[in-house]
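This report describes how the strands and helices of the two chains are arranged and where the chains meet. Please keep the sequence and the coordinates open while reading.

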Amino acid sequence: MSDSEHILLVEDDRGLRELIQEELEAEGYRVTACADAESAQTVLHDQSADLLISDLRLPGADGLSLLPSCANAARHPRC
Amino acid sequence: MHMSKKDPVKMNTLPAPLLRISGLQRSLLLFVVLPIVLLTALGIRFGLGQASQFQEKRLKNDLELIGRAISLPVGNALDKGDMHAVELALGSVFVLGEVYGASVFDATGNRIASAGITESDLTGTTIPDRIRSTGEGQEAFSRIGGRSLFSHFLPLFDTAGQIQGLIQITRRASDFGHALQQLTIIAWLVWGLFSLVILAGVLLGHYGGVGRHVDKLLQHMQRVAEGDLSHRAALDGPTEVANLAQGLNRMLDSIEQANRELDAHRAAETHLLAQLKDNEKMVAIGSMARGIAHELGAPLSVIDGRARRLQRAGNLDEQQLHNLDGIRSQVGRLTRTVNQLLDYCRPAATHPRELTPAVLIETVIEAIRPELEAAERSLNCDIANDVPSFCGDAGRLELALLNLLRNALQASVKQIGISATTDHHHLLIRITDDGPGLPEHELSILLEPFFTTKSPGEGTGLGLAIVQAVAEEHRGQLTLLDRPEGGCEARLLLPLNPTEEPCP
């Protein structure tokens, strides 16, 4: 599982978040779930992600605000 | 005509026009009556003066004639020294006229003979000298015995033509005044009467010709001032007053017109305000419904997802799977309702762009095709060649057409139809079915949100309300009617240039 694709999931609705996470994990992906953009930024700072699934409307910064961080993470040597 | 002090317009009304002098009457009196009266007075005065001079001259002439008449017999008598004949001749003057006295003096002024009241001696006066030097008659006023007298003196000539004496004839001085007194009184009485007639004539003439009509006009104005704004003045009386009345009427007409326009503006404003309030209400309801729909959307997705996961788990029996199907179908129903509610609530902003009707309709047909095939209905599509592109929100129009097609599909027996035509000002999209036609309801009720003729679970009752909302967003119109050949026809009429603005 450790070398499977890493998906970063950002969704503020807990029910949806858990459902999607379970579905994706059932499909064999490694999923990191976050409730808001800030914690997603922290995750992106520490590790890379192959796919970002994010709700647009989030408390605080919205889903689009994660895109620049994604671009930076993509240029990172760890990527 | 009572007027309280609170009346906004104070008017000078004349209930008894002859008892009160109006400005116009004052002007008439000052500039017409007064000059006439003064001029006639001057004329009478001048006439009386002339008459008095004439009378005085006549009286004096009388005296001179009398003097001349007796000068000859008196001269002859003096020549003969017959004093009796002199006195007889002198006495005859009293028969001739209103003579007070007559006397004869010698050339130096000593009295020789007299009759009546005369001077006793003329030596102290200049009269004998004046007569001698001029040889003509002289006149003089004098007082004798407390009486004012007028005397006429005439020279007496002897046979040789030399002045041998003079005759004095006197009469009372007041005779000259008395003669004209009566005439003067009559003249001034006539003048007074004439002045009164002129005064009355002018005042009455003013009232009859002007004042009366002005009063009527004032009464009309009074009625208007008291609030009867529709009242109009009668156009009678002299031209000037009628013109005034006409001017007043025109003024009132324009005031009324202005008031009407003001009322119309106010009504329009009230209507706009009400519409604005309605819109605000709709926006508020819309944002509330959007909020509710959003809140319901997520849990519904979760329920559906969990049920789907259970179904996929593969360790459930038939009955359990059936139950999950029931759960998922009800969740689907709720999701549809929520989505329709979201569709019905107008979006915060429309996104108009240039649209080609044919493309729009093709898109919608592609979207409904699976449902068509599942229901085994055929679709007739007829788009006229000359249909131009127009400006609209593609998403909203697709939604409206999809709702109309779905309604037609659900009502149809074999086939449905969609057509697009234009009259160059409007785009007319017709959606027809071969079903049972419109239900027996007021057409307006069919467009009410949540009204449905379908059984529960089959429709939310929002479909036509959504179409109506989209039509209004595009300043268009939705009409529903029964087709003569059976079935129902929905007409969506959209203006091709709703705002005259270029399409973004």
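In this predicted model, helix 9 (residues 394-411) of chain B lies across strand 9, strand 10 and strand 12 of chain B, and its direction makes about 25° with that of strand 10 of chain B. Helix 8 (residues 357-375) of chain B lies across strand 7, strand 9 (415-422) and strand 10 (426-433) of chain B, and runs at about 180° to strand 7 of chain B.

**The five-strand sheet of chain B**

The strands just named belong to an open sheet of 5 strands in chain B, whose order is 7-9-10-12-11 and whose pairing is mixed. Strand 7 (378-383) and strand 11 (477-482) of chain B form its edges, each of them pairing on one side only. From one strand to its neighbour the sheet turns by 15° on average, direction ignored. At one end of the order, strand 11 of chain B is joined to strand 12 (residues 488-495) of chain B by 6 bridges in the antiparallel sense, and within this pair Asp482(B) has Cys488(B) in strand 12 of chain B as its bridge partner.

**Strand 1 of chain B and its partners**

Elsewhere in chain B, strand 1 (residues 101-106) is mostly covered, with 5 of its 6 residues buried. This strand pairs with two others, as set out below.

| Partner of strand 1 of chain B | Sense and bridges | Residue opposite Ala102(B) |
|---|---|---|
| Strand 2 (residues 111-116) of chain B | antiparallel, 5 bridges | Ala115(B) |
| Strand 5 (residues 163-172) of chain B | antiparallel, 6 bridges | Ile169(B) |

Ala102(B) therefore appears in both rows, standing opposite Ala115(B) in strand 2 of chain B and opposite Ile169(B) in strand 5 of chain B. The hairpin of strand 1 and strand 2 of chain B has 4 residues between the strands, and in it Gly109(B) takes a positive phi near 110°.

For chain B as a whole, the secondary structure comes to 11 helices and 12 strands. Of its 504 residues, 22% are buried. When contacts between residues at least 6 apart in sequence are considered, 63% of those in chain B join residues at least 24 apart.

**The three-strand sheet of chain A**

Chain A contains an open sheet of 3 strands in the order 2-1-3, with parallel pairing. Strand 2 (30-34) and strand 3 of chain A stand at the edges, and each has a single partner strand, so one side of each is left without a neighbour in the sheet. The twist from one strand to the next averages 20°. Strand 1 (residues 6-10) of chain A runs parallel to strand 2 of chain A and is joined to it by 5 bridges, among them the one that makes Thr32(A) in strand 2 the bridge partner of Leu8(A).

Two helices pack on this sheet. Helix 1 (residues 14-26) of chain A touches strand 1 and strand 2 of chain A, and its direction makes about 170° with that of strand 2 of chain A. Helix 2 (residues 37-46) of chain A also touches strand 1 and strand 2 of chain A, its direction making about 160° with that of strand 1 of chain A.

**The surroundings of Gly63(A)**

Gly63(A) lies in the loop between strand 3 (51-54) and helix 3 (67-75) of chain A. Is Gly63(A) buried or exposed? With 19 other C-beta atoms within 10 Å, Gly63(A) is partly exposed, because a residue counts as buried if 20 or more lie within that distance. Leaving aside residues up to four places away in sequence, Gly63(A) touches Val10(A), Ala37(A), Ser54(A), Asp55(A), Leu56(A) and Leu58(A). Gly63(A) and Ala40(A), which are 23 residues apart in sequence, are 9.8 Å apart in space, C-alpha to C-alpha.

**Where the two chains meet**

Helix 1 of chain A also packs against helix 6 (residues 239-313) of chain B, at an angle of about 30° and with the axes 9 Å apart. That angle makes helix 1 of chain A roughly parallel to helix 6 of chain B, and the crossing of the two helices is left-handed. Which residues meet in this helix pair? Helix 1 of chain A contributes Gly15(A), Leu16(A), Leu19(A) and Glu23(A), while helix 6 of chain B contributes Ala298(B), Pro299(B), Ser301(B), Val302(B), Gly305(B), Arg306(B) and Arg309(B). By class, this contact between the helices has 5 nonpolar, 3 polar and 3 charged residues.

The contact between the chains takes 5 residues from chain A and 7 residues from chain B. On the side of chain A that touches chain B, the residues divide into 2 nonpolar, 1 polar and 2 charged.

Note on methods:
Residues are numbered from 1 along each chain as its sequence is written. Chains are lettered from A and ligands numbered from 1 in the order in which they are written. This is a predicted model: local features need pLDDT of at least 70, side-chain atom pairs count only at pLDDT 80 or more; totals for chains, interfaces and linings use all residues. A residue is buried if 20 or more other C-beta atoms lie within 10 Å of its own, exposed if 12 or fewer, and partly exposed in between; C-beta atoms are placed from the backbone. Two strands pair if DSSP finds at least two bridges between them. Axes are lines fitted to C-alpha atoms, for helices over the stretch in contact, and angles run from 0 to 180 degrees between N-to-C directions. Angles under 35 degrees count as roughly parallel, over 145 as roughly antiparallel, 65 to 115 as roughly perpendicular and the rest as oblique. A crossing is left-handed if the near helix is turned anticlockwise from the far one by less than a right angle, and right-handed if clockwise. Ala, Val, Leu, Ile, Met, Phe, Trp, Tyr, Cys and Pro count as nonpolar, Asp, Glu, Lys and Arg as charged, and the others, Gly among them, as polar.
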